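Hi,

Here is the structure I said I would pass on. Have a look at it first, and my notes follow underneath.

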Amino acid sequence: MDENLETLSSNWIRGKNKLIGEKAVIDTVSGNNMSVARYTMHEKMNVAKHSHGYEQIVYVLKGKMILTIEDKDFTMKSGDIQVILSEQEHSASIVDVPYQCIEFYSPKRNDMQLNK
């Protein structure tokens, strides 16, 4: 057994995202090579166009979002999933609330946990 496995948390840790600010409740958990975040939003909002060096997979649990990747729009609702490759420009509009999604990131993010 990998001795690092014993030190990893399997509990959600309250997080933050500087693009979203206080408009979402964000819970995170990370392993050695990837992170997962659960976003819950109770008001409509826009996330500005941006890109980053990690891959991101978005899985919508409830609500509706319009995700724009490289100027192509994807309307996402409960059960939909979308991959965003590293360095792809993307933005989002949360158009139906409450909205909740799970996002997966690889490599792992170190910028979202409040207690770090």
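Let me start with R14, which is partly exposed at a relative accessible area of 47% (buried means under 20%, exposed over 50%, partly exposed in between, with a 1.4 Å probe and protein chains only). Before going on: this is a predicted model, where local features need pLDDT of at least 70 and side-chain atom pairs count only at pLDDT 80 or more, while totals for chains, interfaces and linings use all residues. Residues are numbered from 1 along each chain as its sequence is written, and side-chain values use heavy atoms, with hydrogens and water left out.

**Salt bridges**

R14 pairs with D27 through their side chains, 2.8 Å from N to O. That is a salt bridge, meaning a side-chain nitrogen of Lys or Arg within 4 Å of a carboxyl oxygen of Asp or Glu. R14 sits in strand 1 (residues 13-15) and D27 in strand 2, so the pair ties together parts that are 13 residues apart in sequence. Strands here are DSSP runs of E, at least two residues, and are numbered from the N terminus. D27 itself is buried, at 8%.

The whole structure has six salt bridges. Another one joins D80 and K77 at 3.8 Å, N to O; D80 is partly exposed at 22%, and so is K77 at 48%. D111 and R109 make one too, at 2.9 Å. R109 is buried at 11%, whereas D111 is partly exposed at 41%. Shared partners also link R14, D27 and R38 into one salt-bridge network.

D111 lies in the segment after strand 8. Its C-alpha atom is 8.7 Å from that of G15, although the two are 96 residues apart along the chain.

**Core and surface**

The largest nonpolar core (buried Ala, Val, Leu, Ile, Met, Phe, Trp, Tyr and Cys residues joined through side-chain atoms within 4.5 Å) has 22 residues. Those touching the most other members include V58, M65 and Y99. Strands 2, 3, 4, 5 and 8 each supply at least two of the core residues.

On the outside, M34, I57, Y59, L61, I81, V83, L85 and F104 make a nonpolar patch of about 630 Å². Such patches take residues with over 30% relative accessible area and no salt bridge, with nonpolar side chains joined within 5 Å; areas come from the Shrake-Rupley method with a 1.4 Å probe. Strand 5 gives the largest share, three residues. L61 is in strand 5 and is partly exposed at 34%.

Cheers

Conventions: Patch = residues over 30% accessible without salt bridge, like charges linked within 9 Å, V, L, I, M, F, W, Y side chains within 5 Å. Helix = DSSP H or I, 4+ residues; strand = E, 2+ residues; numbered from the N terminus.
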